[in-house]
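The exercises below ask the reader to work through one protein chain, from its overall layout down to single residues. Please look at the sequence and the structure before turning to the solutions.

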Amino acid sequence: MSADTAVVPPAAEAPAGVPARDVHYCEICTFPYEYCEYGSSLTKCKANLEAKNPELYAQLYSEAALTDKLKSLTTEQAESLERESAKRERKAQAKAEKERAQLAASKIVLSRIARTKRKVITCIHGLHLFSPPLPQLKVIAKGLSSQFATGASVTQSVQHPGVDEIHIQGDVVDEVKNLLLQRAKPFEQMPPESEGGVGEKNIVIDDKAAK
Ligand SMILES: [Zn+2]
C-alpha cells in the first residue's frame with residue numbers, strides 16, 4: 001500500500017512520507033491482521049475478523065483486495081502461498097487433535113501399596129498428565145496431607161523412572177478418587193471433563209498390590 005492510498009485520520013499529523021498506521025493484532029494468531037495468512041489458522045482468523053470488524057475484513061479479503069494482491073504475484077507464487085497456508089492449517093489442526101486424544105487417554109492410577117503387613121500407602125500416579133492447570137505435585141501433596149491428617153509426599157515412580165507420583169500414608173484410595181471427581185481441595189483447579197479434566201473413565205484403581 002503506498003502513502004497515497006493509506007487511510008490517514010485527518011487529525012493525525014504524520015511526517016511526510018510516513019503514514020500514521022494503526023496496527024491491529026489478530027486475537028486468533030496474534031499477528032497483525034494483514035499477516036494472518038502466515039499463521040496456522042487462517043480460516044479461524046478470517047471468521048473472527050469478519051464477525052468483529054467487517055470493514056477491515058472487506059478491506060483485506062474482498063475480491064478487489066485479493067485481485068490487487070495477486071497482481072503483484074505470479075500465479076505460481078500465489079498458488080504456492082495458498083498451498084503453504086493450507087498446509088500450516090492442517091498441521092496445526094492435526095496437532096490439536098492429537099493433543100486432545102492423548103489427554104482423553106490419560107489415566108490417573110490410584111493404587112494401594114502394602115509396605116508391611118499393616119502399613120498401606122496410597123499412590124497417585126498420572127496426575128502430571130493433567131498439569132499444567134493443576135498446581136505443582138508438591139502443593140497437591142501438602143493439600144492431601146492436611147485433608148487426611150496424614151503424611152503425603154512426592155516420590156519418583158519406581159516403574160516409571162523420571163516421573164513423580166504422590167504417596168500418602170494409609171489407604172485413602174476411594175477418598176482421593178472422590179476428591180478428584182468432585183474437584184474438591186486440593187483438586188479445585190482441575191478443569192471440567194469437557195475441557196480435558198479427569199473424569200471417571202480416567203481413573204483406574206489398581207488393586208494388584210493390595211493386601
Ligand atoms: Zn490471525
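**Exercise 1.** Find which backbone oxygens the side chain of arginine 183 reaches, and work out whether arginine 183 is buried or exposed.

*Solution.* This is a predicted model, and every value here is computed from it. Begin with the side chain of arginine 183, which reaches the backbone oxygen of proline 191 at 2.8 Å, and then follow that side chain to the backbone oxygen of leucine 180, which it reaches at 2.9 Å. Next, place the residue in the chain: arginine 183 belongs to the loop between H6 and S5. Leaving aside residues up to four places away in sequence, arginine 183 touches Glu188, Met190, Pro191, Pro192, Glu193, Gly197 and Val198. For one of these, valine 198, the chain separation is 15 residues, while the C-alpha atoms of arginine 183 and valine 198 are 9.4 Å apart. The backbone deserves a step of its own, since arginine 183 is not a glycine and yet has a positive phi of about 55°. Finally, the relative accessible area of arginine 183 is 19%, and because buried means under 20%, arginine 183 is buried.

**Exercise 2.** Examine two further residues in the loop between H6 and S5, proline 186 and asparagine 202, and describe what can be said of each.

*Solution.* For proline 186, which is placed in the loop between H6 and S5, look at the peptide bond that leads into it from lysine 185: this bond is cis, with omega near 5°. For asparagine 202, which lies in that loop between H6 and strand S5 (203-206), start from accessibility: the value is 2%, so asparagine 202 counts as buried. Then turn to its side chain, where a polar atom lies 2.8 Å from the backbone oxygen of serine 106.

**Exercise 3.** Determine how helix H5 and helix H6 are oriented to each other, and which residues meet between them.

*Solution.* Take the axes of helix H5 (residues 137-148) and helix H6 (residues 173-182), which come within 12 Å and cross at roughly 120°. That angle makes H5 oblique to H6. As for handedness, H5 passes H6 in a right-handed crossing. The residues that meet are Leu144, Gln147 and Phe148 on the H5 side and Glu175, Val176 and Leu179 on the H6 side. Sorted by class, the residues of this contact are four nonpolar, one polar and one charged.

**Exercise 4.** Describe the contact of helix H2 with helix H3.

*Solution.* The axes of helix H2 (residues 54-61) and helix H3 (residues 63-71) come within 5 Å and cross at roughly 35°. In this contact, Gln59, Leu60 and Tyr61 of H2 meet Glu63, Ala65 and Leu66 of H3, and by class the contact has four nonpolar, one polar and one charged residues.

**Exercise 5.** State how many helices and strands the protein chain has, and in what order the elements run.

*Solution.* Counting gives six helices and five strands, and reading from the N terminus on, the elements run α-α-α-α-β-β-α-β-β-α-β. Of the 211 residues of the protein chain, 29% count as buried. Among contacts with a separation of 6 or more, 49% are between residues 24 or more positions apart.

**Exercise 6.** Work out whether threonine 30 is buried or exposed.

*Solution.* Threonine 30 is in the segment before helix H1 (42-52), and its phi is near 70°, a positive value in a residue other than glycine. Its relative accessibility is 56%, so threonine 30 counts as exposed.

How values were computed:
Residues numbered from 1 in each chain as written. Predicted model: local features only at pLDDT ≥ 70, side-chain atom pairs only at ≥ 80, totals over all residues. Heavy atoms only, no water. Axes fitted to C-alpha atoms, helices over the stretch in contact; angles between N-to-C directions. Helix = DSSP H or I, 4+ residues; strand = E, 2+ residues; numbered from the N terminus. Parallel < 35°, antiparallel > 145°, perpendicular 65-115°, else oblique. Left-handed = near helix turned anticlockwise from the far one by under 90°. Contact = heavy atoms within 4.5 Å. Nonpolar A, V, L, I, M, F, W, Y, C, P; charged D, E, K, R; others polar. Buried < 20%, exposed > 50% of the residue type's maximum accessible area, 1.4 Å probe, protein only. Polar contact = N/O pair within 3.5 Å; in protein donor to acceptor, adjacent residues only side chain to side chain.
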